[in-house]
Amino acid sequence: MIFPENFVWGAATASYQIEGAVKEDGRGQSIWDTFSHTPGNVAGDDTGDVACDHYHRYRDDVALMRELRLAAYRFSIAWPRVQPDGSGPVNPRGIAFYDRLVDELLAAGITPYVTLYHWDLPQALEERGGWADRDTAHRFADYAEAVHARLADRVTNWATLNEPWVAAYLGYGNGVHAPGRRDAASALRSAHHLLLGHGLAARRLRPGSVMLVVNSSPVLTPAQVNDPAAVPGEADAAAVDRIHALLTRQFLDPAVYGTYPEEVLAAAERNGGTGHIRDGDLDTIRAPIDLIGVNYYNPCVVEAGPGLPADAAWPGSEDVRFATADAPTTAMGWPIVPDGLSRLLVRLSQDYPQVGLMVTENGAAFDDVVENGRVHDADRVAYLDGHLREVWRAVEAGADLRGYLVWSLLDNFEWAEGYRRRFGIVHVDYATQNRTLKDSALWYSDVIARNGL
Ligand code: FCB
């Protein structure tokens with residue numbers, strides 16, 4: 001299985017998950033600092049205060065990437081390093097870190113992919129309403145423009161948002177993520193304002209290649225998980241379509257076509273109304289983009305559930321049962337369904353044919369152990385191997401797929417799960433900050449060298 005020439009191989013991380021140094025060089029507070037420092041929100045009450053100490057160790061980490069032959073590295077910028085209170089002049093010491101990181105990457109022959117928002121909203125903006133407040137979209141666009149002005153001489157690949165569904169619905173809907181609010185109407189408003197921020201920012205990131213990164217999954221009935229040919233009954237099919245609209249079309253239809261699925265408008269009607277969607281917003285959101293970034297971990301499994309109330313993370317999901325897949329799971333409890341990835345990529349390339357695709361995250365947490373300086377993570381190798389075969393199949397089926405980035409380069413702060421869940425291809429000993437290449441890292445390096453499996 002050989003991948004196309006110029007297929008981009010890399011790894012991804014995010015600022016709050018790896019940087020640490022939360023009080024250094026004038027960084028302001030983010031909603032994740034506040035949230036993780038509130039007892040009970042994160043497993044073990046872990047915080048990102050130190051994380052992988054990447055802020056101080058980025059040179060060594062870039063050297064590791066080079067050793068692994070990565071062609072691309074996707075990282076995110078901490079908005080509160082650049083604008084400590086979320087608006088106003090750029091903090092020169094904060095942006096200087098990303099200047100140094102970009103230079104280090106380029107010197108190592110690694111192409112930077114910059115994500116502008118991977119969930120660390122400045123706390124000062126949350127205090128003014130956060131993403132539920134329309135003004136945050138404008139603040140985000142200003143911030144994006146400021147970063148672009150500083151880095152665009154060396155960075156061409158920009159992602160506006162990482163996973164707006166998660167930011168809106170786990171942040172403001174079920175409260176599992178920062179800022180920990182639990183209000184369906186605020187979640188729906190936040191989703192719209194995130195999209196508005198994306199559209200406003202996308203127009204200010206030229207010259208450059210612009211991407212929107214979504215967490216997407218094929219939505220399947222339990223029977224379809226193991227039998228792609230299974231045909232669901234009418235009620236199950238309706239549940240599948242509605243959840244697909246809420247998860248994926250809610251973001252990609254406005255961004256690509258300037259329209260909202262009726263299921264999203266109906267959910268808003270039942271939860272605070274649609275008044276926050278103003279005339280002209282959808283034209284703003286439909287800004288030209290070059291790529292859709294796809295983060296895939298597992299399918300979303302649903303069936304009809306007559307009479308069930310909406311799940312807190314899914315306003316509009318009344319009468320739907322979220323089911324489990326009959327499949328082995330990772331340490332996160334997430335089902336391992338590799339062909340979900342090819343099914344997803346083929347569907348996205350059919351639904352949004354004018355936009356290229358890139359797998360911007362894929363990977364798995366397992367309970368790794370270090371033995372004599374090695375980590376034999378055969379389960380992760382199997383996960384990655386299985387998913388890469390499906391990526392290849394999607395390419396063969398005609399999907400315009402530009403690259404694959406593994407999540408994650410390093411073990412890191414896994415949000416509400418803290419440090420107990422390890423997604424890295426590189427093991428991090430948090431007591432010593434020692435890095436150990438896992439077997440999966442060596443395997444991946446070999447895949448890159450051969451451009452295939
Ligand atoms: C995604 C996030 C990423 C990481 C993985 C496991 O939803 O974008 O930061 O936590 O899940």
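Here are some exercises with worked solutions on a predicted model.

**Exercise 1. Place Arg-74 in the structure and say whether it is buried or exposed.**

Step 1: Find the element. Arg-74 belongs to strand β2, which covers residues 72-76.

Step 2: Check the accessibility. Arg-74 has 0% relative accessibility, and buried means under 20%, so Arg-74 counts as buried.

Step 3: Look for polar partners of the side chain. The side chains of Arg-74 and Thr-115 are joined by a polar contact of 3.0 Å. A polar atom of the Arg-74 side chain also lies 3.3 Å from the backbone oxygen of Thr-360.

Step 4: Look at the wider surroundings. Setting aside residues up to four places away in sequence, Arg-74 touches a list of residues including Ala-11, Tyr-113, His-118, Asn-162, Asn-295, Glu-361 and Leu-405. Thr-115 and Thr-360 are among the residues it touches, too.

**Exercise 2. Work out which strands pair with β3, and in which sense.**

Step 1: Start with β2. Strands β2 and β3 run parallel and are joined by 5 bridges. Across this pairing, Phe-75 stands opposite Val-114 in β3.

Step 2: Turn to β4, residues 157-162. This strand is joined to β3 by 4 bridges, and the two run parallel. Here Tyr-113 stands opposite Asn-157 in β4.

Step 3: Ask how enclosed β3 is. Strand β3 spans residues 111-117, and 6 of its 7 residues are buried, so the rest of the structure largely encloses it.

A helpful reminder for this kind of task: strands of a sheet pair through backbone hydrogen bonds, in either a parallel or an antiparallel way.

**Exercise 3. Describe the surroundings of strand β11 and the path that leads to it.**

Step 1: Consider burial. In β11, residues 401-407, 6 of the 7 residues are buried, so this strand is largely enclosed by the rest of the structure.

Step 2: Examine the pairing with β1. Strand β1, residues 8-12, pairs with β11 in the parallel sense over 5 bridges. Val-8 has Gly-403 as its bridge partner in β11.

Step 3: Examine the pairing with β10. Strand β10, residues 356-361, pairs with β11 in the parallel sense over 2 bridges. The bridge partner of Leu-357 in β11 is Leu-401.

Step 4: Trace the chain. From β10 it passes through helix α15, residues 378-396, to β11, and this β-α-β crossover is right-handed.

**Exercise 4. Find the buried side of helix α12 and what covers it.**

Step 1: List the buried residues. In α12, residues 262-270, Val-264, Ala-267 and Ala-268 are buried.

Step 2: Look down the axis. The buried residues of α12 fall within an arc of 100°, so they line one face of the helix. This fits a general rule: an α-helix has 3.6 residues a turn, so residues three or four places apart point the same way.

Step 3: Turn to the other side. The exposed residues Glu-262 and Glu-269 sit on the face of α12 turned away from its buried side.

Step 4: Identify the cover. Helices α9 (184-202) and α11 (234-257) are among the elements covering the buried residues of α12.

Step 5: See what comes next. Gly-272 follows α12 and has a positive phi, near 95°.

**Exercise 5. Give the strand order of the open sheet that contains β8, and name its edges.**

Step 1: Write the order. This open sheet has 3 strands in the order β6-β8-β9, with mixed pairing.

Step 2: Name the edges. They are β6 (219-220) and β9 (320-322), each of which pairs on one side only.

Step 3: Inspect one pairing. Strand β8, residues 300-304, runs antiparallel to β9, and 3 bridges join them. Ala-304 stands opposite Val-320 in β9.

**Exercise 6. Decide how many disulfides the model has, and whether Cys-52 and Cys-300 are buried or exposed.**

Step 1: Apply the cut-off. A disulfide needs two cysteine sulfur atoms within 2.5 Å, and the count comes to 0 disulfides.

Step 2: Check accessibility. Cys-52 counts as buried because its relative accessibility is 0%. Cys-300 is at 10% relative accessibility and counts as buried as well.

**Exercise 7. Describe Asn-434.**

Step 1: Locate Asn-434. It lies in strand β13, residues 434-437.

Step 2: Judge its exposure. With a relative accessible area of 46%, Asn-434 is partly exposed.

Step 3: List its contacts. Leaving aside neighbours within four places in sequence, Asn-434 is in contact with His-427, Val-428 and Asp-429.

How values were computed:
Residues are numbered from 1 along each chain as its sequence is written. This is a predicted model: local features need pLDDT of at least 70, side-chain atom pairs count only at pLDDT 80 or more; totals for chains, interfaces and linings use all residues. Side-chain values use heavy atoms; hydrogens and water are left out. Buried means under 20% relative accessible area, exposed over 50%, partly exposed in between (1.4 Å probe, protein chains only). A polar contact is a pair of N or O atoms within 3.5 Å; within protein, one must be able to donate a hydrogen and the other to accept it, and residues adjacent in sequence count only if both atoms are side-chain atoms. Contact means heavy atoms within 4.5 Å. Two strands pair if DSSP finds at least two bridges between them. A crossover is right-handed if, with the strands pointing away from the viewer, the path from the first strand over the helix to the second runs clockwise. The arc is that of the directions from the helix axis to the C-beta atoms.
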